[in-house]
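I open this notebook to record what I looked up about the domains and the chains. The entries follow in the order in which I made them.

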2 protein chains.
Amino acid sequence: MENFQILHQDQQTQARCGVYKTHHGEFKTPVFMPVGTQATVKSMQPEQLKQLGAQIILSNTYHLYLRPGHQLIKKLGGLHNFMNWQGPILTDSGGYQVFSLAKMQKVTQEGVKFQSHLDGSYHLLTPELAIEVQEALGSDIMMVLDECLPYPSEKNATLKSMEITLNWEERCLQARTRQDCDLFAIVQGGMYTDLRKICTQRLLEIHEKGTQNSLSKFQGFAVGGVSVGEPIELGYEMVACVTPLLPKELPRYVMGVGYPEDIITCIGYGVDMFDCVIPTRCARHGLLFTPQGKLYIRRAEFSEDSKPIDEKCSCYTCQNYSRAYLRHLSLSKEILSAILNTIHNLHYYFNLLEQARLAIIEQRFSEFKKSFFSLYQK
Amino acid sequence: MENFQILHQDQQTQARCGVYKTHHGEFKTPVFMPVGTQATVKSMQPEQLKQLGAQIILSNTYHLYLRPGHQLIKKLGGLHNFMNWQGPILTDSGGYQVFSLAKMQKVTQEGVKFQSHLDGSYHLLTPELAIEVQEALGSDIMMVLDECLPYPSEKNATLKSMEITLNWEERCLQARTRQDCDLFAIVQGGMYTDLRKICTQRLLEIHEKGTQNSLSKFQGFAVGGVSVGEPIELGYEMVACVTPLLPKELPRYVMGVGYPEDIITCIGYGVDMFDCVIPTRCARHGLLFTPQGKLYIRRAEFSEDSKPIDEKCSCYTCQNYSRAYLRHLSLSKEILSAILNTIHNLHYYFNLLEQARLAIIEQRFSEFKKSFFSLYQK
């Protein structure tokens with residue numbers, strides 16, 4: 001049985017749509033996964049997420065490993081039960097956060113040593129531990145441990161890092177024990193297209209060595225190491241050079257991307273899955289998304305504005321609250337500001353992906369993309 | 001037409017229950033009003049409040065006058081529309097916050113000069129302005145402007161302050177223009193029972209001078225200046241010496257009270273209305289209410305506890321989340337912690353008041369009170 005099924009392939013671009021089946025239900029692609037770092041998508045109750053159209057959420061292994069600990073979550077019935085979310089969950093491997101949040105990190109072939117950003121305690125994250133933690137959480141889709149380099153990084157360092165990552169990925173495959181926890185590979189290679197291609201090729205070799213037993217194969221491929229501070233066009237180039245090399249029948253996931261325009265662009269490259277903190281984090285800072293672009297709700301011009309964020313938006317926030325009230329809440333740092341803004345931004349993202357999906361089904365994705373960019377001001 | 005109707009009077013205590021009609025619907029007493037300082041009950045959507053059983057909310061004139069401004073709220077259709085709460089709203093006069101939050105304050109017969117805690121700007125709050133602001137907000141129940149002294153205060157100072165407050169209260173009556181905005185008097189007099197009695201008597205004289213025209217009469221009486229740091233028994237004494245002197249047919253409101261045990265005690269003295277930040281503020285700090293008393297969710301003993309806060313509680317939080325998860329959220333300072341804890345605490349408060357009301361109707365309030373105190377550990 002295949003987890004992923006492609007339902008439509010756009011003829012003019014590489015865009016496609018499909019459906020992915022997990023042990024906690026299925027999700028339709030292209031899909032946007034909101035980020036629930038510490039076992040909660042910030043400011044949202046799980047029922048609200050579901051009502052807004054969230055099909056799958058992402059949670060962070062690094063955070064949950066440190067607090068409250070994966071063994072504790074396992075004891076309490078796994079992450080789904082712990083956080084009261086019964087839909088699919090994808091977890092990252094912890095690698096990205098080790099490199100962005102931990103106090104120090106030292107990479108060896110064995111794994112990465114780091115100091116917790118919470119209490120300064122020392123830890124060693126190995127590929128084997130990354131799998132152990134994610135299996136303890138009961139993640140539907142686990143990610144391999146990878147080293148995520150900053151931008152810019154020199155080619156030699158990138159190559160060396162890629163070799164370590166490839167070793168870790170193979171060990172992640174070997175460490176798996178749970179048939180109900182899928183595993184995605186991650187293509188690294190920094191901002192070098194030749195390294196990206198080599199990395200992809202090597203991962204495919206590892207994948208193809210696998211037997212029919214799903215534990216020895218990857219269930220999807222991700223592009224990592226983009227959205228790390230590079231000019232966005234460079235990131236796009238990395239995605240565009242990798243996706244044509246990936247197996248058509250498996251899902252493709254670009255990690256940590258992004259703004260609406262990035263997502264629409266990458267869908268055109270044949271990417272199926274996205275995650276990013278942007279809609280939720282921006283909401284907490286008063287930055288709201290509309291078909292015309294971003295709207296900063298704290299601006300003085302909105303102080304007496306009785307209109308909703310977006311007059312054509314059907315979300316709960318736009319149906320019930322004025323820009324003036326939302327501005328007041330944001331300036332007053334009220335919790336309701338985070339809630340109402342998050343509802344709007346997630347609604348915007350989920351609706352955008354749904355529109356993209358419909359456009360693919362109806363063979364008009366290029367027009368859809370053109371229409372999106374003609375309206376949307378970056 | 002009377003706004004307030006008493007439906008049951010307990011025979012053994014002064015406890016009673018009734019119903020109060022406003023232009024935004026009615027509420028049953030005894031009632032607890034959650035506090036929505038800045039035009040939002042912190043972390044709650046209005047629909048959640050309603051679902052939890054909130055019948056009337058309190059909002060703070062001081063905060064709304066300073067930000068976003070009462071004229072702005074009036075222009076946007078009043079406070080109910082602004083914050084999307086269509087039930088009754090009671091507003092305080094701003095006096096209490098001027099004395100507790102403003103950078104400086106100077107009381108004269110005319111009013112109180114103060115400096116905003118937000119930007120240091122100077123303002124003069126007079127009785128006339130307090131009414132103007134509350135009418136602009138469209139409050140269903142307005143409060144007179146009073147001076148709220150700290151504890152302890154000397155008797156002479158308390159007497160002098162009381163005289164100023166009485167003058168302000170009379171001027172508040174005269175300043176009213178809206179028939180749909182009720183006005184409650186406030187009994188002051190510090191911690192001196194003789195001053196409390198004199199103040200009550202003088203307010204009744206002002207009230208009785210009023211014609212049938214409701215603008216020249218008070219629609220209810222409040223006891224102010226308690227819960228200002230005094231030993232709680234002293235506060236109870238002030239409430240107990242005032243309530244027997246108040247008109248039986250009008251509602252009685254003790255401002256800023258309090259903990260569950262305070263509310264149950266004051267209901268026995270014949271008090272009908274309460275407000276306090278305790279359930280919402282405590283929720284944000286991890287302090288939860290149960291029939292057995294307070295539970296501090298951050299304690300290590302709850303780290304692996306799969307039980308809900310209270311196994312007999314029917315609230316959304318207790319039906320769906322473990323103590324271990326709530327502890328994790330609280331320690332992680334997640335917004336969902338404030339939301340779930342607030343849901344539980346407000347559910348507890350509304351349910352407690354509903355139980356008290358039922359006990360009064362069934363002529364068993366004394367037993368109810370005894371049973372409450374036998375279980376509840378302060």
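Entry 1, domains. I looked up the domain assignment of chain A, which gives domain 1 (27–276) and domain 2 (284–365). I note that the model is predicted. The C-alpha centres of domain 1 of chain A and domain 2 of chain A are 28 Å apart.

Entry 2, contact between the domains. I find 15 residues from domain 1 of chain A and 15 residues from domain 2 of chain A in the contact. On the side of domain 1 of chain A that touches domain 2 of chain A, I listed the elements that each supply at least two residues: β4 (31–34), α1 (46–52) and α10 (260–268) of chain A. By class, I get 10 nonpolar, three polar and two charged residues for that side of domain 1 of chain A.

Entry 3, relation of the chains. I superposed chain A on chain B with a rotation of 180 degrees and 0.0 Å of shift along its axis, at an RMSD of 0.0 Å. I therefore write this relation down as that of a two-fold axis. In chain A, the C-alpha nearest the axis belongs to Ile335(A), 3.6 Å from it. Both copies use the same surface, as 100% of the contact residues of chain A recur in chain B.

Entry 4, contact between the chains. I find 30 residues from chain A and 30 residues from chain B in this contact. On the side of chain A that touches chain B, α3 (70–75), α4 (78–83), α13 (323–331) and α14 (335–361) of chain A each supply at least two residues. I sorted that side of chain A by class and got 14 nonpolar, 11 polar and five charged residues.

Terms used. Residues numbered from 1 in each chain as written. Chains lettered and ligands numbered in written order. Predicted model: local features only at pLDDT ≥ 70, side-chain atom pairs only at ≥ 80, totals over all residues. Least-squares fit on C-alpha atoms with pLDDT ≥ 70 in both. Contact = placed C-beta atoms within 7 Å. Nonpolar A, V, L, I, M, F, W, Y, C, P; charged D, E, K, R; others polar. Domains from an automatic or database assignment.
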